[in-house]
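Here's a short tour of one protein model. Have a look at the sequence and the 3D picture, then read on.

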Amino acid sequence: MRVCVIGTGYVGLVTGVCLAHIGHEVICIDNNIDKVKLLQQGESPIYEPGLTELLRGCIASGHIRFSSDLGTGVEFGEVLFIAVGTPALPNGETDTRYVEAVARGIGAHLHLGYKVIVNKSTVPIGSGDWVRMIILDGVVEREPDLADALKGGGTHPPLDFDVVSNPEFLREGSAVYDTFNPDRIVLGSSSRRAIQIMQELYGPIIERKYAADPTLPPVPVLVTDLSSAEMIKYAANAFLATKISFINEIANICDRVGADVVQVAKGMGLDSRIGEKFLQAGLGWGGSCFPKDVSALIHTAADYGYDAQLLKAAVQVNQRQRFIVIEKLQQVLKILKGKTIGLLGLTFKPNTDDLRDAPALNLIEELHRLGAKVKAYDPLVSQSGLRSGLSHVIVETDLLHLADGCDALVLVTDWPQFQEVDYGELAKVMHQPVIIDGRNFLDRKGLESLGFRYVGMGH
Ligand SMILES: NC(=O)C1=CN([C@@H]2O[C@H](COP(=O)(O)OP(=O)(O)OC[C@H]3O[C@@H](n4cnc5c(N)ncnc54)[C@H](O)[C@@H]3O)[C@@H](O)[C@H]2O)C=CC1
Ligand SMILES: O=C(O)[C@H]1O[C@H](OP(=O)(O)OP(=O)(O)OC[C@H]2O[C@@H](n3ccc(=O)[nH]c3=O)[C@H](O)[C@@H]2O)[C@H](O)[C@@H](O)[C@@H]1O
């Protein structure tokens, strides 16, 4: 099938590359010319395990190409994916201007032949119909004579297209794996023709031909109306974020009563109705999606006269959680002014170089405000030279330099390599061996035997 993916961020690039890998003909469009040039040379602008190898393979086999020309993409694709960013505005509402620009652009280049337009971006509920309207606006801007024929949302016979909502559930750091091993595929549309095309497109993935375990039953495909598909995406992210805030609240109570949240989470997670995943207490959730999607859902609810109290509480717990590490540092070190704090990890989670809404950024700002000197080491950021938002922190390129002269280390991101560190060597160069484990990730007993004062999160 001929596919055009518009937007080559995490979602667009991984979608485009994976669809090319399973045999489709893919063109990826981005209006960032530098990104397009990089991709044409087989270089991925993002770090994602396994992606570069697949990208280069698809370029070599001729299954994927990159361009900044939307018209070429629209003409080429039978299926057009919209995968541009939908960041939050300062009031929490979704900024849909990139989706709007792309929809208008699609309309401006739409000619003969049936097309399926797929909303892969996370968009406010109701956006499917809105995208259809903007596409038609784009057509009319190009050909004002069609205005009457297109009135009332109807289509002019040669301009035949349907909009499908196909929310994305991949996680950064395991995006390629998640694409080939999804828990489900959600398709929202009233058009049977469009749904059939989407099922064909995803056929090899549904049949688990590229799955880690090809013997599993086919991937469940849930077909819904447009709005329900859009709501599934928000509800799933809001639920996961709330689950983390819940365990963090339990961790904070554990701290006060002397219970261990790691054992508590294990005991809770063994109940199959609860499940063990997303019960890791710590510094809270960050990244490019949970914060903006929960805020967007709160905002949508308010627009329709509903006060989403549970979601607001999940956000409040999360905001507070980021600063609990500061309280713990103050309990141990008392005055932070003049002290040196070393952060282990900067990214919002391991296996990504993404710093968007990373708890580390709040910690750095607050420690700096309190007069502490902040140093950091991150397995990816330290090597990559990415320094946006990190002006108040000294980014070290190795752990010994990080630990040198520190009054405390704080584990911020649960990178697996932090479990393999020789902490005895770090203790020797620290001013005092204190470690705050912001993800309950390290071996408390091992660290205590090396002379560290270990402080966990409800643990
Ligand atoms: N990052 C993630 O892990 C996930 C993101 N999502 C959703 O997917 C959507 C995309 O997210 P990301 O990939 O993280 O975004 P991103 O911000 O990393 O990438 C968006 C890309 O779109 C391009 N773009 C913007 N306007 C354009 C235009 N007019 N024409 C062509 N290209 C344009 C940008 O240059 C950029 O390369 C968002 O709605 C997000 O909520 C959903 C699931 C997972
Ligand atoms: O819409 C999105 O963009 C994506 O958002 C999340 O994926 P992602 O943000 O990549 O990362 P997660 O693994 O979900 O972690 C999010 C945050 O929660 C934190 N977290 C996660 C799990 C946990 O038990 N505890 C915890 O604090 C992580 O450290 C991280 O800061 C969802 O897991 C994806 O399904 C979804 O597609």
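A word on UniProt positions before we use them: they are given in the numbering used here, feature names are shortened, and annotations may be inferred rather than shown by experiment. This is a predicted model, where local features need pLDDT of at least 70, side-chain atom pairs count only at pLDDT 80 or more, and totals for chains, interfaces and linings use all residues. Residues are numbered from 1 along each chain as its sequence is written, while chains are lettered from A and ligands numbered from 1 in the order in which they are written.

An unreviewed UniProt entry lists several residues under "binding site", including Leu170, Glu172 and Lys349. The listed residues span 181 residues of sequence and are spread in space too, up to 24.3 Å between C-alpha atoms.

Let's put two of them side by side. Helices (H or I, at least four residues) and strands (E, at least two) are DSSP runs, numbered from the N terminus. A residue is buried if 20 or more other C-beta atoms lie within 10 Å of its own, exposed if 12 or fewer, and partly exposed in between, with C-beta atoms placed from the backbone.

| Residue | Loop between | Other C-beta atoms within 10 Å |
|---|---|---|
| Leu170 | strand S6 (161-165) and helix H7 (175-180) | 18, partly exposed |
| Lys349 | strand S9 (340-344) and helix H14 (359-369) | 20, buried |

What does Lys349 touch? Leaving aside neighbours within four places in sequence, Lys349 is in contact (C-beta atoms, placed from the backbone, within 7 Å) with Glu172, Gly173, Gly287 and Thr413.

Methods
Contact = placed C-beta atoms within 7 Å.
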